[in-house]
Amino acid sequence: MIQINVPPLKKLGILLSGRGSNFEAIADSIKAGRLQAEIAIVISNRADAPGLESARRRGLNAQLIPSKGRVREEHDAEVVAALKHAQVDLVCLAGYMRLLSPEFVRAFPDQIVNIHPSLLPAFPGMDAQKQALDYGAKITGCTVHFVDEHLDHGPIILQKTVPVLEGDDVHTLSARILEQEHSAYSEAIGLILSGDLEVADRRVLRKRGRSEARSSEARSSEVKSSEARSSEER
Ligand code: GRF
(Lines give C-alpha, C1' and ligand atoms only; values in the text may rest on other atoms or scores of the structure.)
Protein backbone atom coordinates (compact mmCIF):
# COMPACT_ATOMS: atom_id res chain seq x y z
CA MET A 1 0.00 0.00 0.00
CA ILE A 2 1.27 3.49 -0.83
CA GLN A 3 1.21 5.88 2.09
CA ILE A 4 0.67 9.49 1.17
CA ASN A 5 1.60 11.91 3.90
CA VAL A 6 -0.44 15.06 3.58
CA PRO A 7 1.06 17.79 5.77
CA PRO A 8 -1.49 19.14 8.25
CA LEU A 9 -3.02 22.49 7.37
CA LYS A 10 -1.61 25.44 9.29
CA LYS A 11 -4.04 26.93 11.75
CA LEU A 12 -5.00 30.59 11.76
CA GLY A 13 -6.42 32.55 14.68
CA ILE A 14 -8.29 35.69 13.63
CA LEU A 15 -8.86 38.63 15.96
CA LEU A 16 -11.41 41.26 15.00
CA SER A 17 -13.51 44.04 16.50
CA GLY A 18 -15.86 45.10 13.73
CA ARG A 19 -17.06 44.56 10.17
CA GLY A 20 -14.76 41.62 9.47
CA SER A 21 -14.39 41.99 5.70
CA ASN A 22 -10.69 41.05 5.86
CA PHE A 23 -11.58 37.95 7.87
CA GLU A 24 -14.21 37.08 5.24
CA ALA A 25 -11.71 37.56 2.42
CA ILE A 26 -9.28 35.17 4.16
CA ALA A 27 -12.06 32.63 4.75
CA ASP A 28 -13.10 32.94 1.07
CA SER A 29 -9.50 32.41 -0.11
CA ILE A 30 -9.33 29.22 1.94
CA LYS A 31 -12.67 28.01 0.63
CA ALA A 32 -11.61 28.70 -2.95
CA GLY A 33 -8.38 26.76 -2.44
CA ARG A 34 -6.21 29.84 -2.98
CA LEU A 35 -4.85 29.63 0.57
CA GLN A 36 -3.81 26.34 2.17
CA ALA A 37 -4.79 26.91 5.80
CA GLU A 38 -7.67 26.54 8.20
CA ILE A 39 -9.27 29.03 10.53
CA ALA A 40 -9.03 27.42 13.95
CA ILE A 41 -10.62 30.26 15.91
CA VAL A 42 -12.11 33.72 15.44
CA ILE A 43 -12.09 35.95 18.51
CA SER A 44 -13.83 39.28 18.89
CA ASN A 45 -13.46 41.65 21.82
CA ARG A 46 -16.84 43.19 20.95
CA ALA A 47 -20.20 41.43 21.13
CA ASP A 48 -21.67 43.59 18.37
CA ALA A 49 -18.91 42.92 15.81
CA PRO A 50 -20.56 41.85 12.52
CA GLY A 51 -17.41 39.77 11.84
CA LEU A 52 -18.21 37.57 14.86
CA GLU A 53 -21.69 36.85 13.54
CA SER A 54 -20.26 36.14 10.10
CA ALA A 55 -17.80 33.63 11.62
CA ARG A 56 -20.66 31.89 13.43
CA ARG A 57 -22.68 31.72 10.22
CA ARG A 58 -19.72 30.06 8.55
CA GLY A 59 -19.71 27.43 11.27
CA LEU A 60 -16.30 28.47 12.62
CA ASN A 61 -15.15 28.37 16.21
CA ALA A 62 -16.14 31.96 17.05
CA GLN A 63 -15.58 33.29 20.54
CA LEU A 64 -16.39 36.53 22.27
CA ILE A 65 -13.83 37.68 24.83
CA PRO A 66 -15.08 41.13 25.88
CA SER A 67 -12.43 43.73 26.61
CA LYS A 68 -14.56 46.60 27.88
CA GLY A 69 -13.55 47.72 31.34
CA ARG A 70 -10.85 45.08 31.66
CA VAL A 71 -7.15 45.47 32.38
CA ARG A 72 -5.29 44.94 29.08
CA GLU A 73 -2.92 42.27 30.45
CA GLU A 74 -5.79 40.21 31.87
CA HIS A 75 -7.82 40.37 28.70
CA ASP A 76 -4.78 39.58 26.56
CA ALA A 77 -3.92 36.58 28.76
CA GLU A 78 -7.39 35.18 28.12
CA VAL A 79 -7.09 35.73 24.37
CA VAL A 80 -3.61 34.13 24.32
CA ALA A 81 -4.96 31.11 26.24
CA ALA A 82 -7.79 30.66 23.71
CA LEU A 83 -5.36 30.96 20.76
CA LYS A 84 -2.96 28.46 22.37
CA HIS A 85 -5.82 26.09 23.11
CA ALA A 86 -6.80 26.24 19.43
CA GLN A 87 -3.11 25.53 18.59
CA VAL A 88 -2.84 28.35 16.10
CA ASP A 89 0.30 28.77 14.00
CA LEU A 90 -0.42 32.36 12.98
CA VAL A 91 -2.46 35.12 14.59
CA CYS A 92 -4.07 37.52 12.09
CA LEU A 93 -5.33 40.87 13.33
CA ALA A 94 -8.19 41.87 11.07
CA GLY A 95 -9.56 45.18 12.25
CA TYR A 96 -8.72 44.34 15.89
CA MET A 97 -8.96 47.68 17.63
CA ARG A 98 -6.65 46.91 20.56
CA LEU A 99 -2.95 47.46 21.08
CA LEU A 100 -1.40 44.15 22.13
CA SER A 101 0.49 43.94 25.42
CA PRO A 102 4.21 42.97 25.27
CA GLU A 103 3.24 39.63 26.90
CA PHE A 104 0.84 38.91 24.03
CA VAL A 105 3.49 39.72 21.40
CA ARG A 106 6.07 37.56 23.19
CA ALA A 107 3.63 34.62 23.34
CA PHE A 108 3.67 34.41 19.51
CA PRO A 109 7.10 35.54 18.29
CA ASP A 110 6.99 36.48 14.56
CA GLN A 111 3.60 34.79 14.45
CA ILE A 112 1.29 37.80 14.60
CA VAL A 113 0.38 39.84 11.53
CA ASN A 114 -1.73 42.92 10.94
CA ILE A 115 -3.16 44.79 7.97
CA HIS A 116 -3.16 48.56 7.89
CA PRO A 117 -4.82 50.83 5.28
CA SER A 118 -1.78 52.95 4.34
CA LEU A 119 1.74 52.51 3.07
CA LEU A 120 3.53 52.34 6.42
CA PRO A 121 5.43 54.08 7.91
CA ALA A 122 3.15 56.80 6.51
CA PHE A 123 -0.11 57.40 8.35
CA PRO A 124 -0.08 54.89 11.23
CA GLY A 125 -2.93 54.79 13.75
CA MET A 126 -6.59 55.62 13.27
CA ASP A 127 -8.22 56.98 10.09
CA ALA A 128 -5.22 56.26 7.88
CA GLN A 129 -7.21 56.88 4.70
CA LYS A 130 -8.34 60.33 5.94
CA GLN A 131 -4.79 61.09 7.02
CA ALA A 132 -3.57 60.35 3.47
CA LEU A 133 -6.28 62.55 1.92
CA ASP A 134 -5.70 65.43 4.35
CA TYR A 135 -1.96 65.26 3.79
CA GLY A 136 -2.45 65.47 0.04
CA ALA A 137 -0.69 62.16 -0.70
CA LYS A 138 -0.93 61.11 -4.35
CA ILE A 139 -0.34 57.44 -3.62
CA THR A 140 -1.41 55.41 -0.63
CA GLY A 141 -2.33 51.74 -0.19
CA CYS A 142 -2.16 49.01 2.39
CA THR A 143 0.50 47.16 4.36
CA VAL A 144 0.62 43.69 5.86
CA HIS A 145 3.25 43.58 8.58
CA PHE A 146 4.45 41.50 11.50
CA VAL A 147 3.29 42.87 14.83
CA ASP A 148 5.70 44.10 17.45
CA GLU A 149 5.07 46.02 20.65
CA HIS A 150 4.61 49.34 18.87
CA LEU A 151 1.59 50.53 16.93
CA ASP A 152 1.64 49.68 13.18
CA HIS A 153 5.39 49.23 13.33
CA GLY A 154 6.70 45.67 12.78
CA PRO A 155 8.60 44.40 9.69
CA ILE A 156 6.69 44.82 6.42
CA ILE A 157 5.67 41.65 4.57
CA LEU A 158 3.75 43.09 1.64
CA GLN A 159 2.37 46.40 0.40
CA LYS A 160 -0.06 47.33 -2.36
CA THR A 161 -0.37 50.83 -3.75
CA VAL A 162 -3.56 52.75 -4.51
CA PRO A 163 -3.56 56.13 -6.30
CA VAL A 164 -5.43 58.98 -4.63
CA LEU A 165 -7.76 60.41 -7.28
CA GLU A 166 -8.76 64.07 -7.48
CA GLY A 167 -12.41 63.30 -6.89
CA ASP A 168 -11.77 60.99 -3.93
CA ASP A 169 -13.40 61.38 -0.56
CA VAL A 170 -12.65 59.17 2.41
CA HIS A 171 -15.31 56.64 1.36
CA THR A 172 -14.22 56.15 -2.24
CA LEU A 173 -10.54 55.98 -1.28
CA SER A 174 -11.21 53.56 1.60
CA ALA A 175 -13.22 51.30 -0.71
CA ARG A 176 -10.39 51.06 -3.26
CA ILE A 177 -7.83 50.43 -0.52
CA LEU A 178 -10.07 47.76 1.03
CA GLU A 179 -10.23 45.91 -2.28
CA GLN A 180 -6.42 45.72 -2.25
CA GLU A 181 -6.40 44.72 1.42
CA HIS A 182 -8.56 41.71 0.67
CA SER A 183 -6.10 40.23 -1.79
CA ALA A 184 -2.97 41.43 0.06
CA TYR A 185 -3.83 39.71 3.33
CA SER A 186 -4.30 36.22 1.88
CA GLU A 187 -1.23 36.66 -0.30
CA ALA A 188 0.90 37.63 2.72
CA ILE A 189 -0.45 34.76 4.83
CA GLY A 190 0.35 32.35 1.99
CA LEU A 191 3.92 33.66 1.86
CA ILE A 192 4.39 33.23 5.61
CA LEU A 193 2.91 29.74 5.67
CA SER A 194 5.12 28.69 2.73
CA GLY A 195 8.08 29.01 5.14
CA ASP A 196 9.92 30.99 2.47
CA LEU A 197 10.29 34.22 4.46
CA GLU A 198 13.02 35.32 6.81
CA VAL A 199 13.29 38.51 8.82
CA ALA A 200 16.68 40.24 8.79
CA ASP A 201 16.45 43.26 11.09
CA ARG A 202 13.45 45.05 9.62
CA ARG A 203 13.64 43.47 6.18
CA VAL A 204 11.38 40.55 5.31
CA LEU A 205 13.14 38.57 2.60
CA ARG A 206 12.31 35.60 0.40
CA LYS A 207 14.75 32.77 1.19
CA ARG A 208 14.32 31.25 -2.28
CA GLY A 209 14.71 34.62 -3.96
CA ARG A 210 17.97 35.17 -2.07
CA SER A 211 19.40 31.75 -2.85
CA GLU A 212 18.44 32.20 -6.53
CA ALA A 213 20.12 35.61 -6.50
CA ARG A 214 23.20 34.05 -4.86
CA SER A 215 23.38 31.24 -7.40
CA SER A 216 22.90 33.58 -10.36
CA GLU A 217 25.62 35.82 -8.85
CA ALA A 218 27.84 32.74 -8.56
CA ARG A 219 27.00 31.73 -12.15
CA SER A 220 27.80 35.18 -13.48
CA SER A 221 31.12 35.31 -11.60
CA GLU A 222 31.94 31.81 -12.96
CA VAL A 223 31.20 33.08 -16.49
CA LYS A 224 33.34 36.17 -15.87
CA SER A 225 36.31 34.17 -14.57
CA SER A 226 36.10 31.67 -17.43
CA GLU A 227 35.97 34.61 -19.89
CA ALA A 228 39.02 36.11 -18.17
CA ARG A 229 40.84 32.75 -18.37
CA SER A 230 40.11 32.35 -22.08
CA SER A 231 41.20 35.91 -22.88
CA GLU A 232 44.47 35.29 -20.94
CA GLU A 233 44.96 32.10 -22.95
CA ARG A 234 44.53 33.98 -26.25
C1 GRF B 1 -9.26 47.65 7.59
O2 GRF B 1 -9.20 48.84 6.86
C3 GRF B 1 -7.91 47.28 8.14
O4 GRF B 1 -6.85 47.68 7.32
C5 GRF B 1 -7.86 48.06 9.44
O6 GRF B 1 -9.17 47.98 9.94
C7 GRF B 1 -10.09 47.80 8.87
C8 GRF B 1 -10.85 46.56 9.18
O9 GRF B 1 -11.86 46.30 8.23
N10 GRF B 1 -6.86 47.51 10.33
P11 GRF B 1 -12.64 44.92 8.28
O12 GRF B 1 -13.21 44.78 9.68
O13 GRF B 1 -11.66 43.84 7.98
O14 GRF B 1 -13.70 45.05 7.25
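By class, the ligand shell in this predicted model holds two nonpolar, five polar and two charged residues. The residues around the ligand are Arg19, Gly20, Ser21, Asn22, Gly95, Ile115, His116, Pro117 and Glu181. Two secondary-structure elements each supply at least two residues of this shell: helix 1, residues 21-31, and strand 5, residues 112-116.

Three polar contacts to oxygen atoms of the ligand are described here. A polar side-chain atom of Arg19 lies 2.5 Å from a ligand oxygen. Glu181 also uses a polar side-chain atom, at 2.7 Å from an oxygen atom of the ligand. Gly20 makes its approach through the backbone: an N or O atom there lies 2.8 Å from an oxygen atom of the ligand. Taken alone, the ligand exposes 360 Å². The protein buries 86% of that area.

The ligand sits in the largest pocket. About 910 Å³ of space lies in this pocket. Its lining comprises 34 residues. Those closest to the pocket centre are Gly95, Tyr96, Met97, Ile115 and Pro117. Of these, Gly95, Ile115 and Pro117 also belong to the shell around the ligand. Helix 1 and strand 5 each supply at least two residues of the lining. So do helix 5, residues 128-135, and helix 6, residues 170-193. By class, the lining divides into 14 nonpolar, 13 polar and seven charged residues.

The second largest pocket was examined in the same way. About 210 Å³ of space lies in it. Its lining is formed by Lys10, Asp89, Leu90, Asp110, Gln111, Phe146, Ile192, Leu193, Gly195, Leu197, Glu198 and Val199. Helix 6 and strand 8, residues 197-200, each supply at least two of these residues. Strand 8 gives the most, with three residues. Helix 6 thus contributes at least two residues to the lining of the largest pocket and at least two to that of the second largest pocket. By class, the lining of the second largest pocket has six nonpolar, two polar and four charged residues.

Two features of the backbone were also noted. Most residues other than glycine have a negative phi, and most peptide bonds are trans. A cis peptide bond joins Leu120 and Pro121, with omega at about 10°. Pro121 is found in the loop between strand 5 and helix 5. Strand 5 and helix 5 each supply at least two residues to the lining of the largest pocket. Gln87 has a phi near 55°, a positive value in a residue other than glycine. Gln87 lies in the loop between helix 3, residues 72-85, and strand 4, residues 90-93. Leu90, in the lining of the second largest pocket, falls within the range of strand 4.

Note on methods. Residues numbered from 1 in each chain as written. Predicted model: local features only at pLDDT ≥ 70, side-chain atom pairs only at ≥ 80, totals over all residues. Heavy atoms only, no water. Near = heavy atom within 4 Å. Polar contact = N/O pair within 3.5 Å; in protein donor to acceptor, adjacent residues only side chain to side chain. Areas by Shrake-Rupley, 256 points an atom, 1.4 Å probe, with all protein chains shown as cover. 1 Å grid on protein atoms, 1.4 Å probe; cavity = no way out; pocket = protein on both sides within 12 Å on 5 of 7 lines; lining within 4 Å. Sits in = over half its atoms within 2 Å of the grid points. Helix = DSSP H or I, 4+ residues; strand = E, 2+ residues; numbered from the N terminus. Nonpolar A, V, L, I, M, F, W, Y, C, P; charged D, E, K, R; others polar. Points joined across faces, edges and corners; volume = space filled by probe spheres on them.
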